[in-house]
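Work through the exercises below with the sequence and the 3D structure at hand. Try each task before reading its solution.

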Amino acid sequence: MTLQQFMNEAISPWMREEGPDSDIILSSRIRLARNLSDFTYPILEDQESLEEIRDFFEKEYEHQTFQDYEDFSFIPIHNLTGIERRVLVEKHLISPHLAKRGNAAAAMISKNEQVSVMINEEDHLRIQLYFPGYQLRSALDKAFEFDDWLEEKVNYAFDETKGYLTTCPTNVGTGMRASVMMHLPALTMTKQMNQLLPAINQLGLVVRGIYGEGSEALGNIFQISNQITLGKSEEDIVEDLKSVVDQLIQHERKIRSRMMEHSSLHLEDRIYRSYGVLGYSRVIESKEAAKCISNVRLGIDLGIIKDTPQNILSELMTLIQPGFLQQYAKRELTTKERDILRASLIRERLQLEK
C-alpha cells in the first residue's frame with residue numbers, strides 16, 4: 001500500500017462493510033496506549049532514542065501481515081506535507097497530536113486501514129483498531145491479539161499493581177480507550193442530546209466530536225468513550241460503555257419512530273431540502289454540508305431516500321474536510337476555493353448514485 005493510496009480514497013476499505021446497528025453506530029474502536037520498558041516516555045526521551053524506536057518498528061514490521069491485516073505501510077511523519085498529515089487525521093488514521101510531532105514520529109497502517117499504530121505520539125505506541133458498526137467486543141478481542149503479536153518483540157512498561165504505565169496518568173491501568181462513533185440526528189434535533197450529556201459524563205464516559213478531544217460534533221456525529229482506565233478490566237470498561245450506548249440507540253430509534261409517526265411531512269421536507277442543497281449548491285461551507293449530509297443519511301436509514309448507499313455519510317464527511325479537498329486539488333486552497341470545490345465534489349458523488 002502506498003501513501004498515495006491512503007490519500008486518494010475518502011473512505012477506508014473496512015468502512016465499506018456493513019456492521020451491526022449501522023444505522024446509528026458508524027464504527028467501534030479500541031485504542032491501546034503502550035510504552036517500552038527500556039525507554040523513558042516520549043516527552044522526556046532524547047531524540048536519538050526515539051529515532052531508535054522508530055527505526056526498530058520500520059525494520060521489524062514494514063510490509064508485515066497480521067492475520068487479516070496485510071502489508072503494513074510505514075509512514076514517517078516528517079516526510080509528509082501539511083496537507084498529507086491533515087488527510088490522515090481526517091481519515092482517523094493518525095491523531096492531531098501525532099501530526100504535529102517531529103522527526104521520530106511515524107505511523108504503521110494496514111492495507112485495509114483497519115489497524116494503525118502511532119509511534120512516538122504521547123506514548124511510544126498508540127494502537128488503534130476499527131470495526132464497522134457496533135462491534136466493541138470483536139474489536140477488543142482483535143486488539144488483544146494484535147497487542148500480543150507486537151509484544152513478541154518488545155517489552156512493555158507494566159506494573160503488577162498499576163497496570164500499563166503511560167505518559168498521562170489518566171491512561172494508566174489498561175491503557176485502553178474504547179469508543180463508538182454514533183450518528184444521533186434525532187436526539188440532536190429534539191435537543192435531548194444536550195440533556196443527556198451531563199448524565200453520560202457522570203457515568204465515567206466522555207462525549208466528543210468526530211475528531212476526538214476538542215472537536216465539534218459535525219453532522220450530528222458523536223464519539224462516546226470511557227474516561228476511567230485504572231481499577232477496571234478491559235472487559236468491564238467495554239461492558240460499561242455498551243450499557244450506555246445501548247440506551248442511546250434505544251432513545252434515538254424511539255425518537256426517529258415518533259418523528260415518522262407524527263411529523264413525517266416536515267421530516268421528509270427537511271431531508272429532501274438537504275438533498276437538494278447538496279445536489280445543486282455551487283458553494284457550501286463545511287458546517288452546512290455536514291448538517292445536510294446528516295439529514296440525508298437519516299433519510300436513507302428511514303427508507304425515505306432510496307438507491308443511495310448507507311456509508312455515504314462517512315465518505316462525504318471525509319470528502320468535505322479541508323485536508324482532503326486540498327489533497328484533491330494538489331495545492332493549498334483559500335476558504336472560498338474550498339467551499340466551491342466542496343460543493344462540486346458532493347454534486348459529483350451524488351450524481352454517481354443516480
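Three exercises on this predicted model follow, each with a worked solution.

**Exercise 1.** Compare the expected span of helix α5 (residues 136-151) with the distance between its end C-alpha atoms.

*Solution.* Step 1: helix α5 has 16 residues. Step 2: the expected span is 1.5 Å times one less than the number of residues, which gives 22 Å for α5. Step 3: the end C-alpha atoms of α5 are 22 Å apart, so the two values agree. Step 4: the buried residues of α5 include L136, L140, A143, F146 and L150. Step 5: an α-helix has 3.6 residues a turn, so residues three or four places apart point the same way.

**Exercise 2.** Describe the surroundings of strand β3 (residues 106-109).

*Solution.* Step 1: strand β2 (residues 73-76) pairs with β3 in the antiparallel sense over four bridges, and S73 stands opposite I109. Step 2: β3 also pairs with strand β4 (residues 115-119), again antiparallel and over four bridges; here A107 stands opposite M118. Step 3: β3 and β4 form a hairpin with five residues between them. In the turn, E113 has a positive phi of about 65 degrees. Step 4: in a regular strand the side chains alternate between the two faces of the sheet. Step 5: A106 and M108 lie on one side of β3 and A107 and I109 on the other, and all are buried.

**Exercise 3.** Which residues have the most contacts inside the largest nonpolar core?

*Solution.* Step 1: this core has 91 residues. Step 2: the residues with the most contacts inside it are I30, F57, I119, F146, M182 and I224. Step 3: helix α8 (residues 234-262) gives the most to this core, with nine residues. Step 4: a second, separate core has 13 residues, among them I75, L88, I94 and L98.

Note on methods: Residues are numbered from 1 along each chain as its sequence is written. This is a predicted model: local features need pLDDT of at least 70, side-chain atom pairs count only at pLDDT 80 or more; totals for chains, interfaces and linings use all residues. Side-chain values use heavy atoms; hydrogens and water are left out. Helices (H or I, at least four residues) and strands (E, at least two) are DSSP runs, numbered from the N terminus. Buried means under 20% relative accessible area, exposed over 50%, partly exposed in between (1.4 Å probe, protein chains only). A nonpolar core is a set of buried Ala, Val, Leu, Ile, Met, Phe, Trp, Tyr and Cys residues joined through side-chain atoms within 4.5 Å. Two strands pair if DSSP finds at least two bridges between them.
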